[in-house]
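Colleague: I have a model open and would like to learn how to read its features. Could you walk me through it?

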Amino acid sequence: MSRCIGCGVILQTKNKNDLGYIPNDKYNKTNLCERCFRILHYNDLKLVDLPKNQDVLDTINQKGKFAFFMCDLLNINTEIIESYKKINISKCLIISKVDFIPKYIKKENIKNWLKEEYDIKEEIVFISVIKNQNTQIISSIMEEKNINEAYLVGYTNSGKSSLINKLNSESSITTSLAPNTTIDFIKINLQNNLTIIDSPGILYQDTIYDENDILFIKKTNPKTFIKPLTYQLKKGASIIIEGVLRIENTSDKFNLTIYMSNLLEIKKVYEKNNQLKNLERVNLKIKRNQDLVIKGLGFITSKSSASLNIYLKNKNLLEIRNSFFER
Ligand SMILES: Nc1nc2c(ncn2[C@@H]2O[C@H](COP(=O)(O)OP(=O)(O)OP(=O)(O)O)[C@@H](O)[C@H]2O)c(=O)[nH]1
Ligand SMILES: [Mg+2]
C-alpha cells in the first residue's frame, strides 16, 4: 500500500474519480496521485472531501504528544481559536504569513493581544515561509522540549505543508492556494531524528464565498504584503467587497481601514445603489479601535465609532473584537 507523497492519500489504480487515483502505467514510476500531478503541473485545483475536522483533532489528541497549531495572521478569529483549544495535548500556536503586515508592527504586541483577547496560555511564535523568517523554530522548540515527534495542524491554507517543505528540502508535499490540498497525515523526517506530521487542513463551518469558487478563494490568499486601505464613509455610504459583503454606515461618519487581500475588488457606493441589499442584514455598533472580523477574508479596523448595516449571506461570519493594533 503506497501513499501519495504530495497529499498523503492511499494510491489506487481502479477508479479515476476516487481519491488517490494514479493511472496503471504510472503506478510503478511515481508516488504522486493524479490530482497532485495536475495541481503541480497545470495548477488545476480540484476540491475533494476531507476527513471531518473533529476526526483530525481526535487523531492528534489520541496519538500525539505535541502539536503545533498554525493560524495565518489575517485569519485569527474565534472559530479558529476554538479549534486550537480543542487540542488537549501539549501545544504551541504558530502565527504564519507574518509577511502580510508591515515590519513596524511589533510581534510582542500581537502576542500580548492574542493572550488577552483569546486567552491563549501557551507559547506563541511568528513565522513567514515566503520570507524565510523564523522557520527553524519548530525544530528548536522540539529540541528544547525533548520531543522527537509532533503534529502540525491548522486551518486549510495556513501554510503547514509549505513550512514542512522548507524544513526538509527533500519533502515535496503538494501546496496550493486552494483549500483541502493535504488529504491525510504525512510523516516527514527533519534533521536530528525529529519527525513532523503534516495534517489535513481544518475547514471553516461557513464561508463567505461559494466553496467551489476556486478563483475567489485564490483572491483571498495574497502572496505578498497587504497594503491596508483606508476609507471614510459619510452617512448612507457603503463599501462593497468582491460582490459578497456590503458595509453601510448609518451614523454621521465612519473611518475604517481594511486588512484583506489586495486582489479583492472593493468599491464605494451610495444609498441609491441597492447591490446586495437582498442578503441578510446585520445591524451592529462598532467602537473606535475595535475590529470587525469577516471570517476567511480578514478584518476591518475602526478608526471611529459607528453604527453599521452589514449585508452578507450569513451573520455567523462576523465578529467584533478589540483591535489587533491598539495596545
Ligand atoms: N504570503 C505567504 N504565503 C504563504 C506562506 N506560507 C505559505 N503560503 C501560501 O499559502 C498557500 C497555502 O499553503 P499550503 O502550504 O498549501 O497550506 P496548508 O496549510 O498545507 O493547506 P492544506 O493542505 O489545504 O491544509 C500557498 O499558496 C502558499 O504559497 C507565507 O509565509 N506567506
Ligand atoms: Mg497542506
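Modeller: Gladly, and we can start with a helix. The buried residues of helix 2 pack against strand 1 (66-72), helix 3 (78-85) and strand 4 (149-154). Contact here requires C-beta atoms, placed from the backbone, within 7 Å. Helices (H or I, at least four residues) and strands (E, at least two) are DSSP runs numbered from the N terminus. The model is predicted: local features need pLDDT of at least 70, side-chain atom pairs count only at pLDDT 80 or more, and totals for chains, interfaces and linings use all residues. Residues are numbered from 1 along each chain as its sequence is written, while chains are lettered from A and ligands numbered from 1 in the order in which they are written.

Colleague: Which residues of helix 2 are buried?

Modeller: A residue is buried if 20 or more other C-beta atoms lie within 10 Å of its own, exposed if 12 or fewer, and partly exposed in between, with C-beta atoms placed from the backbone. In helix 2 (residues 53-63), Val56, Leu57 and Ile60 are buried. Down the helix 2 axis they fall within an arc of 95°, so they line one face of the helix; the arc is that of the directions from the helix axis to the C-beta atoms. Gln54, Asp55, Gln62 and Lys63 are exposed on the face turned away from the buried side of helix 2.

Colleague: In what order do the strands of a sheet run, say the one with strand 11?

Modeller: Two strands pair if DSSP finds at least two bridges between them. Here 5 strands form an open antiparallel sheet, in the order 11-8-9-15-12. Strand 11 (266-269) and strand 12 (280-286) are at the edges with a single partner strand each, so one side of each has no neighbour in the sheet. Strand 12 pairs with strand 15 (residues 306-312) in the antiparallel sense over 7 bridges, and Val282 stands opposite Ile310 in strand 15.

Colleague: And what surrounds ligand 1?

Modeller: A residue is near a molecule if its C-beta atom, placed from the backbone, lies within 6 Å of it. For ligand 1 there are 24 surrounding residues, the closest being Gly159, Ser162, Thr175, Thr182 and Gly201. Helix 6 (residues 160-167) gives the largest share of this shell, 3 residues. By class, the shell around ligand 1 has 4 nonpolar, 16 polar and 4 charged residues. Ala, Val, Leu, Ile, Met, Phe, Trp, Tyr, Cys and Pro count as nonpolar, Asp, Glu, Lys and Arg as charged, and the others, Gly among them, as polar.

Methods:
Two residues are in contact if their C-beta atoms, placed from the backbone, lie within 7 Å.
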